[in-house]
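Student: I have a structure open and would like to practise reading it. Could we go through some of the words people use for it?

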Amino acid sequence: MTKESYRSGSCLVAGFALAAMISCTMPSASAHEANKRIADANALVSNDAGSRPAPQLTRRSVARAEKGPYYVDFRARTAASWGHAFVWYGKTSERAVEVAGLTPAGDTLAYVIGHLTWVPSETGASYGDLDPEYLTASYRVYLNEADAKRVFAYIKKLQASSPVWNAETTNCTGFIGDIAEFMGLKVPYRWQRPENFVNSLKEMNGGRQIVRLSAE
């Protein structure tokens with residue numbers, strides 16, 4: 001997703017298309033499967049989180065309650081091409097998570113065509129989004145209940161109003177960047193690798209873990 005990767009020109013597109021044929025975008029998980037799959041919200045990975053001994057679990061739960069009972073986790077994972085950026089969001093006391101991200105709908109061909117024009121999109125969980133072994137970057141922030149309702153509603157609205165995907169103009173980093181901007185976070189340059197984008201997002205905001213939205 002770097003700027004260099006998206007330069008116009010038939011030669012670049014042809015070369016990139018060959019690389020993309022490796023299967024740059026995995027099939028999206030079905031809505032039924034995404035609803036059935038459960039991930040442990042207490043095991044969300046962030047750059048500042050490490051393994052802690054069992055006696056600290058109670059103390060860690062209390063800290064979470066102080067930060068806010070809800071969260072949005074900006075995440076990046078590996079893929080056969082440039083990777084993918086998306087968000088997990090939900091309630092810290094619940095194991096189930098919701099996933100939102102912007103990907104081209106369909107197979108590899110849709111991804112390749114999406115470098116030339118807009119293609120239909122999907123905005124839910126895609127293959128690998130729930131698997132921690134694919135994770136390359138994570139930045140989690142906490143919200144109180146009132147703010148979480150506003151943010152979660154915005155995510156749903158953004159999903160409903162994002163019918164197309166394009167590598168240059170309407171991509172996954174832009175999608176989660178819109179969410180971060182709505183939350184009042186500083187947003188980095190969007191046309192970069194998902195991993196770099198998420199790490200830059202965290203760095204630009206000083207690693208802050210608590211977000212308070214401005215009054216409506």
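**Strands and their partners**

Tutor: Gladly! Let's start with Val119, whose bridge partner in β7 is Trp165. Keep in mind that this is a predicted model.

Student: What makes β5 and β7 a pair of strands?

Tutor: Two strands pair if at least two bridges are found between them. β5 and β7 have two bridges, in the antiparallel sense, so they pass that cut-off. They belong to an open sheet of three strands, in the order β4-β5-β7. In that sheet, β4 and β7 are the edge strands, as each pairs on one side only.

Student: Why is Glu122 called partly exposed?

Tutor: Partly exposed covers the range between under 20% (buried) and over 50% (exposed). Glu122 has 29% relative accessibility, so it counts as partly exposed. Glu122 sits in strand β5. Its C-alpha is 8.3 Å from that of Trp165, with their places 43 residues apart in sequence.

**Charged side chains**

Student: How do you know that Glu98 and Lys156 form a salt bridge?

Tutor: The cut-off is a side-chain nitrogen of Lys or Arg within 4 Å of a carboxyl oxygen of Asp or Glu. For Glu98 and Lys156 the closest N and O atoms are 2.6 Å apart, so the pair qualifies. Glu98 is in strand β3 and Lys156 in helix α5, so this bridge ties together parts that are 58 residues apart in sequence.

Student: Are Glu98 and Lys156 buried or partly exposed?

Tutor: Glu98 is partly exposed because its relative accessibility is 35%. Lys156 is partly exposed too, with a relative accessible area of 42%.

Student: What about Asp147: why does it have no salt bridge?

Tutor: The nearest side chain of opposite charge, Arg150, is 4.2 Å away. A salt bridge needs the atoms within 4 Å, so this pair does not count. Asp147 is nevertheless buried. It is found in helix α5 and touches Val211, Arg212 and Leu213, leaving aside residues up to four places away in sequence.

Student: Which buried residue has a salt bridge with Asp73?

Tutor: Arg75! The side chains of Arg75 and Asp73 meet at 3.4 Å, N to O. Both Arg75 and Asp73 are buried. In the whole structure, six salt bridges are found.

**Around helix α6**

Student: What makes α6 a mostly covered helix?

Tutor: Eight of its 11 residues are buried. Among them are Cys172, Phe175, Ile176 and Ile179. The parts that cover the buried residues include β1, β2, β3, α5, β7 and α7. After α6 comes Gly184, whose phi is positive, near 85 degrees.

Student: What makes Arg190 and Asp178 a salt bridge?

Tutor: Their side chains meet at 2.7 Å, N to O, and the cut-off is within 4 Å, so the name fits. This pair links distant parts of the chain, with Arg190 in the loop between α6 and α7 and Asp178 in helix α6. Salt bridges that share partners also join Asp178, Glu181 and Arg190 into one network.

Student: Why is Arg190 called buried, and why is Asp178 called partly exposed?

Tutor: Try the cut-offs again. Arg190 has 17% relative accessibility, so it counts as buried, given that buried means under 20%. Asp178 has a relative accessible area of 25%, so it is partly exposed.

Technical notes:
Residues numbered from 1 in each chain as written. Predicted model: local features only at pLDDT ≥ 70, side-chain atom pairs only at ≥ 80, totals over all residues. Heavy atoms only, no water. Buried < 20%, exposed > 50% of the residue type's maximum accessible area, 1.4 Å probe, protein only. Helix = DSSP H or I, 4+ residues; strand = E, 2+ residues; numbered from the N terminus. Contact = heavy atoms within 4.5 Å. Lys, Arg positive; Asp, Glu negative; His and termini not counted.
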